[in-house]
Amino acid sequence: MNKIGKEKFYQELDNFLVTKLRPIPEHRSECNYVRFEDNFPQLTNHEICQQMFWNAFKGYSKMYIQIGCLRDDNSLFNDSEKIMYEKGAEAGDDEKVIILQCSLLTLQMLDYDIMMFGAMSEGGDEEYRNTAQKHYRPYLFSYVAEIDKSNYEKLKELQNKIVGSQTYSSSDEYVENYKNGQLQYQWLPCTFNSDINENSIKLDGYVVQSASRIEKIKANLTIIEDENTPKKVRNRIFENYKLDKSSCKDDKTFIEEIEKKLGNTPLSTIDAYKIGNGNCVFAQSNDTRFFYDIGFNYKHRPKKISHGSSYNYSSSMQKIVVNDPSFVILSHWDMDHIAGSYVARKNIFEKNWFAPDCYDAGTNALRLAKYLQMKGNLYLANRPPRKSNAHGRLIGKIAIQKLAIYKLYMGKKTTCDSSHSNCEGIVIEYYDKIKNIRVLMMGDVNYDSFNKARSTEPSFADTQIDYLIVPHHGSEHTNYQQITDPNKPVKMGSKAIICCTDDPNINRPNSGHRMKLEKRFGKNVITTEEAKNKAVSITISL
Ligand SMILES: [Zn+2]
Ligand SMILES: [Zn+2]
């Protein structure tokens, strides 16, 4: 008799554990596995993830790394934003490095996610579906690599060699958009075993994995040059992690759904957390609370990894995860804006999440998005297709009685930032009508992208902004010249907060950007790292 409900789920999980998670290859047989002890303790999702991570380190499951396409004509080594230096800015060319952040995936993880996603989206058997949704939580397994010029050239050459074979099935228009986004990546076979003799590219870096907290583990990674990622594997990955278009909402619906959650009272506080080079903002009123990004310090240099040092921001994380939001808004899906959610309380996935479409996000982000979609909690604002020249826009406004007003914008892709997802992020403008205070929270949307989204409204320079959460961690490539307009009087504000580690070696914040901010905010330009005493955030009290 076919099993159903809980029993069916646990039998499938058992089957995965025995045939995929803990196989003994030399003794493997195809005979049907029968479980004898009914009270055999089930492995939790957390324990399974730990085992999968361990297996990845031991080489017990074939592993692939998803690396962004380096084949563009513009070398990242010509982009001063991306460059970091071994010995300060005077270093020679051979001392320059770039930091790449990539998703890792083993076949075991792929099998696990395929099984879980299948169960979680099962339509007919509610108990089976719910059991799976309760068991699972999205996990994070990624690699941050430090790439010198020679490895950069090698990777580029390898990508050039294998490109062209990357096609995916299906022709639906929405899926086409996904395909175009996913073609920005290449999957390469890799291993943590550095003894292999084949042609290989050895990378220096660290693994970021989510367990009960975010762990960073220094590890060398070897990319195997003579192997391809089979088309079958690439298609399985694509099919499994792509979203269906049900979560994409028109602007009106997107705004109406947020409006339902926003309550009737104006905001009282906004906290920008000290979380390194990442964004995590928490806004509260008497009857609502929401995260605007829930990120984590991500792209720092591998050599900084050492025991007990502050890169983990654990005291901030402890405070962040106990917040119980009514909903979540993401500016965009980059890891430094979402990674905190992998270790937050699990009920964060019970809330509605509002974000731009993520067709071009990496696999770790898509795993999170897919889980939210299967739970019916994902609302995505449309983004223009890659090749269009669509303008940024006001997605919509929401009035809180006659007291306050929210405006949500989507930025337009501009040339000062190469990342589409940064430019096409969601900006929140909040205006308290009674107190006449305006707060602007920009994610990684640069000033030019924002101005283009405003179209007929006054520009950034010409708008009274009392509190600013500065875009893109104070990056250089934000067209920060547009902070003021030489033909107009300067509109002074109260405070500008930059979410970054305050580290000149990585140009966060960029000094030119900071100086320009000081023209409007005077001495009150502050990084989250400067939070005083034991504070883990900089608070805006409204
Ligand atoms: Zn960012
Ligand atoms: Zn970003």
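**Reading the labels: helix H3, strand E3, Asn 277 and two zinc sites**

User: What makes the span of helix H3 close to the expected one?

Analyst: Helix H3 covers residues 107–120, 14 in number, and reaches 20 Å from its first C-alpha to its last. The expected span is 1.5 Å times one less than the number of residues. That expectation is 20 Å here, so H3 fits it. Helices are DSSP runs of H or I with at least four residues, strands are E runs of at least two, and both are numbered from the N terminus.

User: What kind of model is this, and how is it numbered?

Analyst: It is a predicted model: local features need pLDDT of at least 70, side-chain atom pairs count only at pLDDT 80 or more, and totals for chains, interfaces and linings use all residues. Residues run from 1 along each chain as its sequence is written, chains are lettered from A and ligands numbered from 1 in the order written, and side-chain values use heavy atoms, without hydrogens and water.

User: Why is H3 called largely enclosed?

Analyst: Buried means under 20% relative accessible area, exposed over 50%, partly exposed in between, with a 1.4 Å probe and protein chains only. In H3, 11 of the 14 residues are buried, so the rest of the structure largely encloses this helix. Among them are Leu 110, Tyr 112, Met 116 and Phe 117.

User: What makes strand E3 mostly covered, and which strands pair with it?

Analyst: Of the 11 residues of E3 (96–106), 10 are buried. Pairing requires at least two DSSP bridges between two strands. E1 (63–68) and E3 have 4, in the antiparallel sense. E3 and E4 (141–148) have 7, also antiparallel. Ile 65 stands opposite Leu 104 in E3, and Cys 102 opposite Tyr 143 in E4.

User: Why is Asn 277 called buried?

Analyst: Its relative accessible area is 6%. That is under the 20% limit, so Asn 277 counts as buried. Asn 277 lies in the loop between strands E9 (267–273) and E10 (280–285).

User: How do you know that Asn 277 and Thr 501 make a polar contact?

Analyst: Their side chains come to 3.1 Å. A polar contact is a pair of N or O atoms within 3.5 Å; within protein, one must be able to donate a hydrogen and the other to accept it, and residues adjacent in sequence count only if both atoms are side-chain atoms. Asn 277 also touches residues including Asp 336 and His 473, with contact meaning heavy atoms within 4.5 Å.

User: What makes Asp 336 and His 473 donors of the zinc ion (ligand 1)?

Analyst: Donors are N, O and S atoms within 2.8 Å of the metal (3.2 Å for Na, K and Ca); water is not among the atoms, so sites may look incomplete. Asp 336, His 337, Asp 444 and His 473 donate from 2.1 to 2.2 Å.

User: Why is the arrangement around ligand 1 irregular?

Analyst: The 4 donor atoms subtend angles of 82 to 150°. Four count as tetrahedral if all angles lie between 85 and 135 degrees; four count as square planar and six as octahedral if opposite donors are over 155 degrees apart and all others between 65 and 115; anything else is irregular. Neither four-donor class fits 82 to 150°, so the label is irregular.

User: Which residues coordinate the zinc ion (ligand 2), and which one bridges to ligand 1?

Analyst: His 332, Asp 334, Asn 422 and Asp 444 coordinate ligand 2. Asp 444 bridges the two zinc ions, which lie 3.5 Å apart. His 332 and Asp 444 tie together parts that are 112 residues apart in sequence. Both are buried.

Key
Lists of a residue's contacts leave out its neighbours within four places in sequence.
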